[in-house]
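Here are a few notes to read alongside the model. They take the two halves of the picture in turn, the domain interface and the metal site.

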Amino acid sequence: MDKTKGQALKEKLFNNKKSGWETVSDSEKQEIFKFADEYMYYLNSSKTEKEIVSTTKEILLKNNFKDLKTVETLNAGDKIFYINKDRSIYMAVIGSEDIEKGLNIVAAHGDSPRLDLKPNPLYEQEGIAYFKTHYYGGIRKYQWATIPLSLHGLFVKPNGEKISVIIGENDDEPTFLISDLPPHLSMNQNDRKLVNGIKGEELNIMVGSIPYSEEGLSDKIKLNILNLLNERYGIKEIDFTSSEIEFVPAFKARSLGFDESLISAYGQDDKVCCYTALRGILNIENPSKTAVCVLTDKEEIGFEGVTGMWSKVFDTFIIELIDKMGQNRPNLLERVFSNSKVLSSDVDAGYDPGFPDAFDKKNASVLGGGVTIVKYTGSRGKSGASESPAEFIAEVRKVFDDAGVPYQSSDMGKVDLGGGGTIAVCFSQRGMTVLDCGVPVLAMHSPYEITSKFDVYKAYKAYEAFFKI
Ligand code: MN
Ligand code: MN
């Protein structure tokens with residue numbers, strides 16, 4: 001039957017949203033699932049910002065990228081990377097056009113919410129030894145009790161010796177845990193507001209229970225733990241002073257659902273954009289503009305610190321690039337920056353059908369809807385946003401349309417309910433035009449976040465296309 005005039009008009013004029021899965025052929029579905037397997041493999045070996053840098057470096061070396069420090073001169077087509085203090089990594093494929101015309105940058109962050117240790121963490125109490133923690137980033141604290149945690153740590157001795165420790169990722173290793181009350185005894189705790197279900201000072205991790213066997217000593221369990229750490233790693237209690245010990249969920253990334261269309265994993269904010277941007281730049285050969293991929297650190301605590309996106313080390317990286325291209329001249333950096341285009345690639349809180357009240361459904365990204373364009377972030381009247389100009393969004397739309405990348409556009413949650421910011425501001429402050437564009441995630445910042453394999457694959461295609469403009 002022919003369409004009515006109204007039906008045809010509606011098809012032509014409405015922004016008709018449908019599940020991306022309905023547009024996928026069998027062979028593309030296979031590609032999407034294969035890409036998701038590779039992504040999950042990357043996640044399992046990249047749970048911290050330092051591991052993101054080390055696993056990414058390994059992948060880059062296998063794909064003919066060279067450490068910028070080992071390269072004297074740069075020419076069009078060259079592929080290099082720059083590691084900032086083992087915690088953030090910048091990579092580039094040199095373009096054939098004058099660099100003054102700007103860079104195409106995709107920037108993600110490798111740090112994720114987690115539990116860090118306090119500087120004096122170890123104590124014992126009534127038969128159990130604990131570590132005291134100070135959480136990193138925005139977590140819902142009650143979600144972090146009674147789940148297996150793994151330890152990812154770095155101790156640095158005053159003589160410069162570095163000791164890296166990972167415990168709890170392999171099945172034959174122990175894990176760690178924060179306890180909680182049984183329902184039988186939780187009447188008082190149940191009256192707490194959810195935000196205080198588990199309080200910050202209750203996020204204490206169980207680390208042992210066997211006392212050192214000698215009569216008459218106090219703190220015998222703590223002593224036994226320190227003795228084990230000393231025997232295995234040469235560590236004393238004072239060495240926690242110069243350590244970074246991160247506890248993360250010990251879970252592996254897994255497919256979710258009978259149809260295996262989704263991924264549940266720790267740290268997908270924002271490792272999903274790290275991996276998809278990385279895979280995008282691996283495909284770039286001889287671009288006209290220089291393509292730059294950034295995997296930064298400290299996003300979750302405000303972009304500060306020498307490895308965060310406010311850090312001038314990123315500028316130093318670009319200055320080194322133009323030096324080694326034999327291009328440097330006064331104010332070139334500012335001109336490069338003012339002509340650069342950036343996708344701030346971070347996740348968005350996707351629409352969760354289980355909690356419809358938190359969202360404006362008409363303006364929420366959905367799982368399986370493709371990458372999401374976020375014109376502005378911020379909270380309560382766009383405060384803190386780096387709002388992207390319509391002209392740039394139009395340009396990005398064309399890039400995605402030409403590459404066959406489906407996109408949706410969203411505004412995180414209901415107005416005045418909360419909000420958030422991204423590293424977009426760090427680029428606009430440098431004079432660059434920037435747009436937030438990422439992947440919808442459910443249960444963001446929880447120990448086990450959810451994405452759609454469709455969106456993950458399309459983010460890879462989106463970033464690859466953007467590097468090529
Ligand atoms: Mn993020
Ligand atoms: Mn986040």
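A salt bridge here is a side-chain nitrogen of Lys or Arg within 4 Å of a carboxyl oxygen of Asp or Glu. Please keep in mind that this is a predicted model.

1. Let us begin with the layout. The chain falls into domain 1, made of 21–112 + 266–467, and domain 2, which covers 114–249. Their C-alpha centres are 33 Å apart.

2. How many salt bridges are counted between domain 1 and domain 2? The count is six. Separately, Glu-244 pairs with Arg-87 in a salt bridge whose closest N and O atoms are 3.1 Å apart. Looking at polar contacts across the interface of the two domains, the rule finds eleven residue pairs, with both residues at pLDDT 80 or more. On the side of domain 1 that touches domain 2, the residues divide into eleven charged, four polar and three nonpolar.

3. Next comes the extent of the interface. Contact involves 18 residues of domain 1 and 17 residues of domain 2. Between them the domains bury about 1,400 Å², and 48% of this lies on carbon and sulfur atoms. Three residues are worth finding on your screen: Lys-47, His-445 and Pro-447 supply 33% of the area that domain 1 buries against domain 2, more than any other three residues.

4. His-445 turns up again at a metal. The manganese ion (ligand 2) has protein donors from Asp-269 (OD), Glu-300 (OE), Glu-300 (OE) and His-445 (NE2), at 2.1 to 2.6 Å. Along the chain these donors follow the spacing D-x30-E-x144-H. Distant parts of the chain are linked here: Glu-300 sits in the loop between β13 (290–296) and α7 (313–324), while His-445 sits in the loop between β21 (440–441) and β22 (449–452), 145 residues apart.

5. Which residues coordinate the manganese ion (ligand 1)? The donors are His-109 (NE2), Asp-269 (OD), Asp-346 (OD) and Asp-346 (OD), lying at 2.1 to 2.5 Å. In sequence, the donor residues are spaced H-x159-D-x76-D. This site also links distant parts of the chain, with Asp-269 in helix α6 (residues 268–282) and Asp-346 in the loop between β14 (341–344) and β15 (348–349), 77 residues apart.

6. Finally, do look at the two ions together. The manganese ion (ligand 1) and the manganese ion (ligand 2) lie 3.3 Å apart, and Asp-269 coordinates both. Asp-269 is therefore a good place to centre your view, as a donor within 2.8 Å of each metal.

Notes:
Residues are numbered from 1 along each chain as its sequence is written. Chains are lettered from A and ligands numbered from 1 in the order in which they are written. This is a predicted model: local features need pLDDT of at least 70, side-chain atom pairs count only at pLDDT 80 or more; totals for chains, interfaces and linings use all residues. Side-chain values use heavy atoms; hydrogens and water are left out. Domain bounds come from an automatic or database domain assignment. Contact means heavy atoms within 4.5 Å. Buried area is the accessible area (1.4 Å probe) that two parts lose on being put together, summed over both. A polar contact is a pair of N or O atoms within 3.5 Å; within protein, one must be able to donate a hydrogen and the other to accept it, and residues adjacent in sequence count only if both atoms are side-chain atoms. Ala, Val, Leu, Ile, Met, Phe, Trp, Tyr, Cys and Pro count as nonpolar, Asp, Glu, Lys and Arg as charged, and the others, Gly among them, as polar. Donors are N, O and S atoms within 2.8 Å of the metal (3.2 Å for Na, K and Ca); water is not among the atoms, so sites may look incomplete. Helices (H or I, at least four residues) and strands (E, at least two) are DSSP runs, numbered from the N terminus.
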